[in-house]
Amino acid sequence: MSSERVTLQEQVENGHLDTVPDDYLVSEQDRMKFEDNSCDARQLPVIEMDGVDGERRGLVVQQIRSVCEEWGFFQVKNHGVPSSLMKRMQGEIREFFELPYEEKNKIRARTDGSTLPDEGYSDRVGLKEGSANWSDRLRLYTLPAPSRRYELWPKHPPSFRETLEEYCEEQDKLMSRISELISEGLGLRTSYLNDYFAGKYQQQMQVNYYPPCPQPDVTMGLRKHSDNNLLTLILQDSTAGLQVKKDGQWITVKPTEGWFVVNVGDQIEILSNGRYRSAEHRAFVSSKPRISIATFSMPSNETVVSPIVELLGGKERPKYRAISFSDFKESFYYAGWAKATTGKGHLDHLLVSQD
Ligand code: OGA
Ligand code: NI
């Protein structure tokens with residue numbers, strides 16, 4: 001087998017890699033520094049979802065509002081997604097990544113235009129754009145159901161298809177409950193965001209597999225970025241890796257079994273006219289493998305997103321230009337992503353001059 005067809009995962013497992021290849025090196029400035037891991041005192045806020053449909057609602061709406069304004073990131077517990085389903089999903093995903101490369105390669109992401117970009121399994125994420133992340137990936141479109149390309153879904157383990165179908169429905173329910181709380185936090189009617197995207201919505205699943213790394217301090221699993229979508233739910237395993245930028249410092253999100261990390265995407269930043277911010281985050285790697293399962297909710301490609309008129313109240317000027325989701329991805333996000341060091345620079349293109 002030529003070395004080109006061997007994944008990072010396999011090279012590491014076979015003991016063939018004791019340094020990080022040049023393609024994966026990140027600039028000095030983007031590396032993990034000692035101080036990035038030394039401020040454990042700060043923790044990402046946690047929101048208790050139990051009782052949110054009863055007397056605790058007012059309190060939770062306030063909490064959501066302040067974490068969306070101040071962090072753009074939070075965790076949720078007692079969120080209603082069955083823990084048995086979360087464990088099943090994590091176990092079956094791990095089984096998939098442990099399959100031989102030939103097996104995973106059967107659902108390899110193609111870039112020949114026959115499928116949505118990057119749908120399926122890929123390794124050396126970002127390498128073709130010139131800057132590889134220390135990660136392999138499985139990306140699938142999950143909702144609406146007719147957009148599914150089952151030929152790109154893992155066949156092993158055999159129960160995976162059913163597990164993912166159940167999981168993505170549960171993620172959708174949770175996203176919808178969080179969208180209601182976000183709407184209320186913005187002073188809008190409960191169903192505002194869900195109505196805005198009714199029939200104009202898609203969901204995508206991205207599993208990030210970060211192989212064990214021989215030199216974690218010279219590379220990154222996922223470079224700093226903000227998510228380009230509406231909301232992201234992240235299910236982490238027990239290995240730490242996710243970091244969120246808060247007041248100029250990187251904060252590590254300690255994994256807690258049974259919780260989800262929730263992340264405000266760029267589209268919510270635009271809709272809320274900048275009240276809620278999409279936060280920069282990244283994933284570092286270590287000597288242990290790590291799997292994170294991210295669910296992205298996003299507008300359908302042709303949906304035009306702009307600051308919500310009701311929020312502007314006739315007085316406030318929109319800070320962002322209206323743009324379709326596909327144009328947003330095309331012109332700004334991927335341009336920024338390809339350079340991989342711009343963080344949130346892509347949103348600046350949308351800013352309307354305020355003078
Ligand atoms: C992502 C992401 C973080 C993680 O997939 O966009 O930020 O912890 N993942 O893997
Ligand atoms: Ni992200």
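With a relative accessibility of 6%, His 225 falls among the buried residues of this predicted model, because buried means under 20% relative accessible area. His 281 is likewise buried, at a relative accessible area of 3%. Both histidines reach the nickel ion (ligand 2) through NE2, and Asp 227 joins them through OD, with coordination distances of 2.1 to 2.2 Å. Read along the sequence, the donor residues follow the spacing H-x1-D-x53-H. His 225 belongs to strand 6 (residues 222-225) and His 281 to strand 11 (residues 281-283), so this pair ties together parts that lie 56 residues apart in sequence.

Attention now turns to helix 2, where simple geometry gives a handy check. Helix 2 runs over residues 57-70, and at 1.5 Å a residue its 14 residues should span 20 Å; the C-alpha atoms at its ends are 20 Å apart, so expectation and model agree. The residues of helix 2 that are buried are Arg 57, Val 60, Val 61, Ile 64, Val 67 and Cys 68. Around the axis they cover an arc of only 135 degrees, which means that they sit on the same side of helix 2. This pattern has a familiar background: an α-helix has 3.6 residues a turn, so residues three or four places apart point the same way.

The cover over these buried residues comes from several elements, including strand 1 (46-48), strand 2 (73-77), helix 5 (160-185) and strand 10 (260-264). Just beyond the end of helix 2, Gly 72 adopts a positive phi of about 75 degrees.

Key. Residues numbered from 1 in each chain as written. Chains lettered and ligands numbered in written order. Predicted model: local features only at pLDDT ≥ 70, side-chain atom pairs only at ≥ 80, totals over all residues. Heavy atoms only, no water. Helix = DSSP H or I, 4+ residues; strand = E, 2+ residues; numbered from the N terminus. Expected span 1.5 Å × (residues − 1). Buried < 20%, exposed > 50% of the residue type's maximum accessible area, 1.4 Å probe, protein only. Arc of directions from axis to C-beta. Contact = heavy atoms within 4.5 Å. Donors = N, O, S within 2.8 Å, 3.2 Å for Na, K, Ca; no water.
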